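Student: I would like to go through this model with you, one question at a time. Could we take a strand pairing before we turn to the ligand?

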Amino acid sequence: MPIEPFAPELSAYLDTLVADRPPEIRAMGAKARQTSFPIVGPAAGQFCYFLTRSIGARKVFEMGSGYGYSTAWFAQAVRENGGGVVHHTVWDEQLSMQARDHLSKLGLTDLVQFHVAEAVQTLSETGERFDIIFNDILKRLYPSALPVIAEHLAPGGVLISDNMLWHGAIFDRDDRSEDTRGIRDFTRMLTTDPDWISTLVPIRDGLLVSRRRLERRP
Ligand SMILES: C[S@@+](CC[C@H](N)C(=O)[O-])C[C@H]1O[C@@H](n2cnc3c(N)ncnc32)[C@H](O)[C@@H]1O
């Protein structure tokens with residue numbers, strides 16, 4: 001599976017519109033290009049930052065955090081919201097160590113709790129509810145993660161799920177791979193359940209933004 005975004009030209013344009021950012025965040029972006037590591041990139045990072053600021057989120061849980069690129073955008077926003085916590089969760093020790101280093105250089109580690117563990121299990125063990133849950137785990141795991149996510153989202157909280165265009169694979173009717181099916185099933189679950197309001201924002205590889213309804217519809 002290629003890791004470049006679905007519409008590279010559009011994606012590159014949107015990235016040029018992102019305001020200047022700290023050199024360390026730029027360095028993390030350069031590292032992703034050199035190593036072909038699938039970070040969300042500047043435009044989606046900025047979108048996460050924007051949403052976090054907009055709803056005044058103080059508690060964020062990230063599922064599938066890599067070396068902390070998306071974490072940096074959430075943590076900056078939480079800091080500007082007055083402080084709080086961002087959970088960084090990845091099952092790879094090396095990536096967690098790299099994230100600690102990058103986020104320390106950005107002066108953000110006081111806001112971040114690091115977990116080297118499976119993300120869905122870790123979320124279920126928190127016993128807490130979050131203003132934002134960011135979902136970027138293995139795509140085949142998205143459907144089974146949804147009940148756990150729903151249980152840990154605060155009232156009015158927002159779920160952001162990445163890769164919902166899956167590099168364009170969702171348009172290929174012949175693609176029945178486990179990950180593509182995971183994306184399709186998850187999309188259907190969130191867009192057909194009357195308890196959820198969702199919209200797919202086609203930045204980079206597609207971010208599905210979802211919120212539980214606070215009241216039942218008449
Ligand atoms: C797409 S990358 C993360 C990119 C990160 N969100 C960013 O934009 O900087 C997903 C990472 O999460 C890890 N991962 C995938 N599924 C996971 C799971 N269920 N639990 C913990 N880590 C997981 C992968 O190994 C990979 O390192």
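Student: Which residue in E7 does Val201 stand opposite?

Tutor: In this predicted model, strand E6 covers residues 196-201 and strand E7 covers residues 207-212, and the two pair in the antiparallel sense over six bridges. Within that pairing, the residue of E7 that stands opposite Val201 is Leu207.

Student: Which residue in the hairpin of E6 and E7 takes a positive phi?

Tutor: The hairpin has five residues between the strands E6 and E7. One residue in this hairpin takes a positive phi near 50°, and that residue is Arg204.

Student: How much of the accessible area of the ligand does the protein cover?

Tutor: Polar contacts can be followed from the ligand to the protein: an oxygen atom of the ligand is 2.8 Å from a polar backbone atom of Val40, while a nitrogen atom of the ligand is 2.9 Å from an N or O atom in the side chain of Ser70. A nitrogen atom of the ligand is also 2.9 Å from a polar backbone atom of Ala119. Of the 600 Å² of accessible area that the ligand has on its own, the protein covers 90%.

Student: How many residues of the shell around the ligand are nonpolar?

Tutor: The ligand takes up the space of the largest pocket, and 20 residues surround the ligand, with Glu118 and Asp136 among the closest. The shell includes four polar and two charged residues, and its nonpolar residues number 14.

Methods. Residues numbered from 1 in each chain as written. Predicted model: local features only at pLDDT ≥ 70, side-chain atom pairs only at ≥ 80, totals over all residues. Heavy atoms only, no water. Near = heavy atom within 4 Å. Polar contact = N/O pair within 3.5 Å; in protein donor to acceptor, adjacent residues only side chain to side chain. Areas by Shrake-Rupley, 256 points an atom, 1.4 Å probe, with all protein chains shown as cover. 1 Å grid on protein atoms, 1.4 Å probe; cavity = no way out; pocket = protein on both sides within 12 Å on 5 of 7 lines; lining within 4 Å. Sits in = over half its atoms within 2 Å of the grid points. Nonpolar A, V, L, I, M, F, W, Y, C, P; charged D, E, K, R; others polar. Pairing = 2+ DSSP bridges. Helix = DSSP H or I, 4+ residues; strand = E, 2+ residues; numbered from the N terminus.
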